[in-house]
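Thanks for sharing this one. Here are a few friendly notes to read alongside the coordinates.

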Amino acid sequence: MATPALLDSAKLIEKYLGSQARLFLLDWDSTLTPIVEDPKAAVPTAADIGVLEMLSSNPKNDVWIISGRDSTFLQKHLGSLSSLGLSAEHGAYVRLANHADWHSTSEEADSAWQVTIMAIFNDYTAKTLGSWVEKKTIAITWHYRNAVPEIADFNATECKNCIEQIIPQLPSHLEVMDGKMCLEVRPKNVNKGAIVRSIIASYGGRTCPDFVLCIGDDVTDE
């Protein structure tokens, strides 16, 4: 596999300055903030807030944070930036720029599957010291970043295989995703690709962006 080319910063700046409508699509964890032992500690610095405020306040820029975090976390740490678009739980919930309220982007689905998936994750949590389960509104995530890597990797593979065998038997259309040192189960129709398509479609009669910068760190950002 070829090594991806490094971003040419000089060319990036040239394209940025020469554009009239810009779209920034930015992940949060391990992109704008580093991966840390306690996810609650992955909060923006004053410098982060300053850069995001500068970018999003430019009338030529549309800036979105598209994160797997829930809306409570994003609202607490980034909600003060009214000109910033926020997308929580991989696009399940959205707060548009210059709007105060969050709204759901998907229909309410049967959540009975969560009992089954939670039981599996709890079983592997007991087998994997240092791991834990995060219950979100529409998804469940098993984190193993603080576990012994060899044990965590082995158990994560087993856990994913187990869930993939169970999913066809459940009433909802689900998928299990490998994240950065985590597994997440969520409805198939909720993903970052879907919310990006929605953002592009929202331009309607407006000038579509002639500069788009997407930054992420794992397969959920592809």
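**Notes on arginine 95 and the cores**

1. Arginine 95 is buried, because its relative accessible area is 2% and the cut-off for burial is under 20%. Please keep in mind that this is a predicted model.

2. As for where this residue sits, arginine 95 belongs to strand S4, which covers residues 93-95.

3. The surroundings are worth a look in your viewer. Setting aside neighbours within four places in sequence, arginine 95 is in contact with Trp64, Gln75, Leu78, Gly79, Leu81, Ser82, Leu84, Gly85, Leu86, Ala100, Asp101 and Trp102. Serine 82, for one, is 13 residues away from arginine 95 in sequence, with a C-alpha to C-alpha separation of 9.4 Å.

4. What lies 2.9 Å from a polar atom of the arginine 95 side chain? The partner is the backbone oxygen of leucine 84.

5. Leucine 84 also turns up in the largest nonpolar core, a set of 21 residues, where Phe24, Leu52, Ile65, Leu78 and Leu84 have the most contacts inside it. Two or more residues each come from strand S1 (22-26), helix H2 (46-57), strand S2 (61-66), helix H3 (71-78), strand S3 (85-88) and strand S10 (211-215). Helix H3 gives the most, with three residues.

6. Leucine 78 links these points: not counting residues up to four places away in sequence, leucine 78 touches Arg95 as well as Trp28, Pro44, Ile49, Leu52, Ile65, Leu84 and Leu86.

7. Finally, another core lies apart from the largest one; this other core has 19 residues, including Ile120, Ile163, Leu170 and Leu183.

Note on methods. Residues numbered from 1 in each chain as written. Predicted model: local features only at pLDDT ≥ 70, side-chain atom pairs only at ≥ 80, totals over all residues. Heavy atoms only, no water. Helix = DSSP H or I, 4+ residues; strand = E, 2+ residues; numbered from the N terminus. Buried < 20%, exposed > 50% of the residue type's maximum accessible area, 1.4 Å probe, protein only. Contact = heavy atoms within 4.5 Å. Polar contact = N/O pair within 3.5 Å; in protein donor to acceptor, adjacent residues only side chain to side chain. Core = buried A, V, L, I, M, F, W, Y, C linked by side-chain atoms within 4.5 Å.
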